[in-house]
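Please walk me through this model in the viewer, stop by stop, telling me what to select next and what is to be found there.

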Amino acid sequence: MAVFEYGDVEITHLKERDKALGAAIDAIGPIRREVNPDLFSALVNSIVGQQISSKAQVTIWGRVKAMLGEVTPQTVLACTEAELQSVGISFRKASYIQGAAKKVADGELDISALWAKPDDEVCKELSALPGIGTWTAEMLMLFSMQRPDILSYGDLAILRGMRMLYRHRKITCQLFEKYRRRYSPYGSVASLYLWAIAGGAVEGLRDCANAQ
C-alpha cells in the first residue's frame, strides 16, 4: 500500500512555525494515509465516491476494478454507460467517467503532463473535467500526485480542525490564508493533522463554531 510520504523536514517546519499544531502533532504521532499514484484511476475513484458513504465507495470501486481490470481511459471507453451503471454507478457519474476518459484518450487533457505543472494549473485543468470541482481536484493533487502544499478552503473538516485547534468560531478566508501561509510549503502534512484533529484525535479540543 502506497502512503503519503513525509518526514522530519515537514514536521520540524510545522512545529517551528506553529506551536499549537506542533503540540497536536506530538499528541497524534505519525499519520499514514493511503494514496493512489495512478492519477486517472484516482480520478475515476473520486467520481465513484461522490455523495455516497465510504463503505459504499469501497464496494463499488471493487466492482469497477473487477469489471475493468486495469482502470485506464481505454478500458473505460470499452464499456458502455449501461455497463458502468450495472456495478452501482449512477447515470450521471457514468457519464462523467466516460467524458473524462474521452478527454484523456483524445489528448484534450495530457494527464501525464500535469505532473510537471504548478499547482494552480493542475487544479484548473482537473477541475475543468466533467464531475470534477476544485475540492476534488485538490484531493487528487494531495492523495494521488502527493503535492506537498495542498490545504483546501473548501474542505469542511479542514475548517473544523482549524476551529478546534485555534479555538475560532469561524474560519474566514483571510484567517485561512494566514494559516496557509504559515504552513507553506508543507500544507499537505498540515491537512493530514487537521483532518485527524477534526475527527477527535486530540483529547480536549472541541469545535467552537456553536459556542455561546
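Begin by selecting helix 3 of this predicted model, where the buried residues are L39, F40, S41, A42, L43, V44, N45, S46, I47 and V48. These are ten of the ten residues of the helix, which spans residues 39–48, so helix 3 is largely enclosed by the rest of the structure. To see what encloses the helix, add helix 4 (54–68), helix 5 (73–77), helix 7 (91–105), helix 8 (119–127) and helix 9 (134–143), against which the buried residues of helix 3 pack. At the start of helix 3, show the side chain of D38, one oxygen of which reaches to within 3.3 Å of the backbone nitrogen of F40.

Within helix 3, pick out S41, which is buried with a relative accessible area of 10%. Its side chain is joined to that of N36 by a polar contact of 3.2 Å. Setting aside neighbours within four places in sequence, the contacts of S41 are with N36, W61 and V71.

From here, move to T136 in helix 9, which is likewise a buried residue, with a relative accessible area of 10%. Once neighbours within four places in sequence are left aside, T136 is in contact with S46 and Q50, and S46 is one of the buried residues of helix 3 already on display. A distance drawn from the C-alpha atom of T136 to that of R167, 31 residues away along the chain, comes to 27 Å.

Let that line lead you to R167, which lies in the loop between helix 10 and helix 11. With a relative accessibility of 56%, R167 counts as exposed. Its backbone deserves a look as well, since R167 has a positive phi of about 60 degrees although it is not a glycine. Most residues other than glycine have a negative phi, and most peptide bonds are trans. A second residue to select on this account is Q146, another non-glycine residue with a positive phi, here of about 55 degrees. Q146 is found in the loop between helix 9 and helix 10, and it is partly exposed, with a relative accessible area of 27%. For the peptide bond, turn to S184 and P185, which are joined in the cis form with omega about 10 degrees; P185 belongs to the loop between helix 11 and helix 12.

Next, select the largest nonpolar core, which has 68 residues, and within it highlight L21, I89, L126, M162 and Y183, the members that touch the most others. Helix 12 (residues 187–198) gives the most to this core, with eight residues. Centre the view on L21 and, not counting residues up to four places away in sequence, you will find that it touches L14, L165, Y166, Y183, A190 and Y193.

Several aromatic residues now come into view. How many aromatic pairs are there by the rule used here? The count comes to five. One of them is formed by Y6 and Y193, an edge-to-face pair at 6.4 Å centre to centre, with 80 degrees between the planes. This pair links distant parts of the chain, with Y6 in the segment before helix 1 (8–17) and Y193 in helix 12, 187 residues apart. Y193 is buried, its relative accessible area being 1%. Another pair is that of Y166 and Y179, whose ring centres are 4.0 Å apart and whose planes meet at 10 degrees, so the pair is stacked. Here the link runs from helix 10 (residues 156–166), which holds Y166, to helix 11 (residues 173–183), which holds Y179, the two being 13 residues apart. Both Y166 and Y179 are buried, and ring pairs link them with Y183 into a cluster. While aromatic rings are displayed, add R33 and W195: the charged end of R33 sits over the ring of W195, 5.3 Å from its centre.

For the last stop, display the cysteines. How many disulfides does a search of the whole structure find? The search finds zero. C123 is in no disulfide, and the nearest cysteine sulfur, that of C173, is 14 Å away. C123 counts as buried at 13% relative accessibility, and C79 is buried too, with a relative accessible area of 11%.

Technical notes. Residues numbered from 1 in each chain as written. Predicted model: local features only at pLDDT ≥ 70, side-chain atom pairs only at ≥ 80, totals over all residues. Heavy atoms only, no water. Core = buried A, V, L, I, M, F, W, Y, C linked by side-chain atoms within 4.5 Å. Buried < 20%, exposed > 50% of the residue type's maximum accessible area, 1.4 Å probe, protein only. Helix = DSSP H or I, 4+ residues; strand = E, 2+ residues; numbered from the N terminus. Contact = heavy atoms within 4.5 Å. Polar contact = N/O pair within 3.5 Å; in protein donor to acceptor, adjacent residues only side chain to side chain. Phe/Tyr/Trp six-rings, centres within 6.5 Å; stacked < 30°, edge-to-face > 60°. Lys NZ or Arg CZ within 6 Å of the ring centre and 35° of its normal. Disulfide = S-S within 2.5 Å.
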